[in-house]
Amino acid sequence: MTRARSSMTSPSSTPEEDFIFPTGGALGAEVRGVDLSQPLSESEVATIRRALLDHFVLLFPGQRITDEELVRFTSYFGRPVEHVRQQRDRPVKEIFFISNVRENGELIGALGNEEVSFHSDLSYLPQPGTLSLLYAVEVPSSGGDTHWCNCCAAYEALGAAAKDELKGLRALHRHYVDSQNPLEPVTHPVVCTHPDSGRRALYVGPHLTKSIVGMPSTDSDALLQRLYDHLSQPRFIWTHSWCLGDLIMWDNRPTMHRRDAFPDTERRVMKRTQVFNDEVPFE
Ligand code: SIN
């Protein structure tokens, strides 16, 4: 790993401080001077893992990597899996396209050019993905920014009474395309504990969470709306405007993300990989 020196570092700084630069926002850090087309050493991977635990979202700018190199980098952090959704023309099965581009009249990827509201990836599965990686191959000149929410900070900012109210509650998560859902309804705790850090996070978002289990629908809707209003406060959000070659890795357990719309006259092509660790979210 080549370490980029910067005016922000001092001679007494640790190696980690030499190349992990916090965004200064609600979450996230930039990892500078790392060439992901090259294999990483165990200590480099350990440093990145530690930074992910601390910052939840890591940006690796300026990458030029092949599909195989993206999958190799993903595999340092768990099992990269074939995405649960089918897509045509995927020579490397672990890579899933997020795109509005059409070829022969057919979309090559998911999500098109529309806004996508806050969610944690694959929360409609009993064992959701843990980490997601997104690599920018083509970006529009405007729009398509992605916003991440620090769901630990949002939980920790709640008062004692609000935390008590959420104890033991579970929420139903469902994909809007019926056929994507498992046969049995999937529920997860409204507050989940991160298995590595022990920190708690709110685990509900308007894109995939449908209701609070066992609550009358008006009460459930009101509680979820209250939580969404709380989570979407600017103090918990960090926004990224993508550049070509950006790779962002994030932990879905302490975060949610949403994406802005962008003009459909422009192309946006992102390659996505996903890590699963067979984890069932727990309170
Ligand atoms: C997603 O919501 O998983 C995709 C985010 C993006 O396209 O920026």
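How many residues does helix 2 have, and how far does it reach from its first C-alpha to its last? This is a predicted model, where local features need pLDDT of at least 70, side-chain atom pairs count only at pLDDT 80 or more, and totals for chains, interfaces and linings use all residues. Residues are numbered from 1 along each chain as its sequence is written, and side-chain values use heavy atoms, leaving out hydrogens and water.

**View A. Helix 2, end to end.** Helix 2 (a DSSP run of H or I, at least four residues, numbered from the N terminus) takes in residues 42-55. Its 14 residues reach 20 Å, close to the 20 Å expected at 1.5 Å a residue. Right after helix 2 comes phenylalanine 56, with a positive phi near 70 degrees.

**View B. The buried side of helix 2.** Look for Glu44, Val45, Thr47, Ile48, Ala51, Leu52 and His55, which are buried (under 20% relative accessible area, 1.4 Å probe, protein chains only). Down the axis of helix 2, the buried residues fall within an arc of 160 degrees, so they line one face. An α-helix has 3.6 residues a turn, so residues three or four places apart point the same way.

**View C. The largest cavity.** A cavity is a set of points on a 1 Å grid over the protein atoms alone where a 1.4 Å probe fits but cannot get out; lining residues have an atom within 4 Å of a point. The largest cavity holds about 300 Å³ of space. Of its 22 lining residues, Ile98, Leu111, His119, Asp121 and Arg272 are the closest to its centre.

**View D. The second largest cavity.** This one has a volume of about 50 Å³. Its lining includes Phe118, His173, Tyr203 and Met256.

Terms used. Helices (H or I, at least four residues) and strands (E, at least two) are DSSP runs, numbered from the N terminus. The expected span of a helix is 1.5 Å times one less than its number of residues. Buried means under 20% relative accessible area, exposed over 50%, partly exposed in between (1.4 Å probe, protein chains only). The arc is that of the directions from the helix axis to the C-beta atoms. On a 1 Å grid over the protein atoms alone, a cavity is a set of points where a 1.4 Å probe fits but cannot get out, and a pocket is an open set with protein on both sides within 12 Å along at least five of seven lines; lining residues have an atom within 4 Å of a point. Grid points are joined across faces, edges and corners, and a volume is the space filled by probe spheres set on the points.
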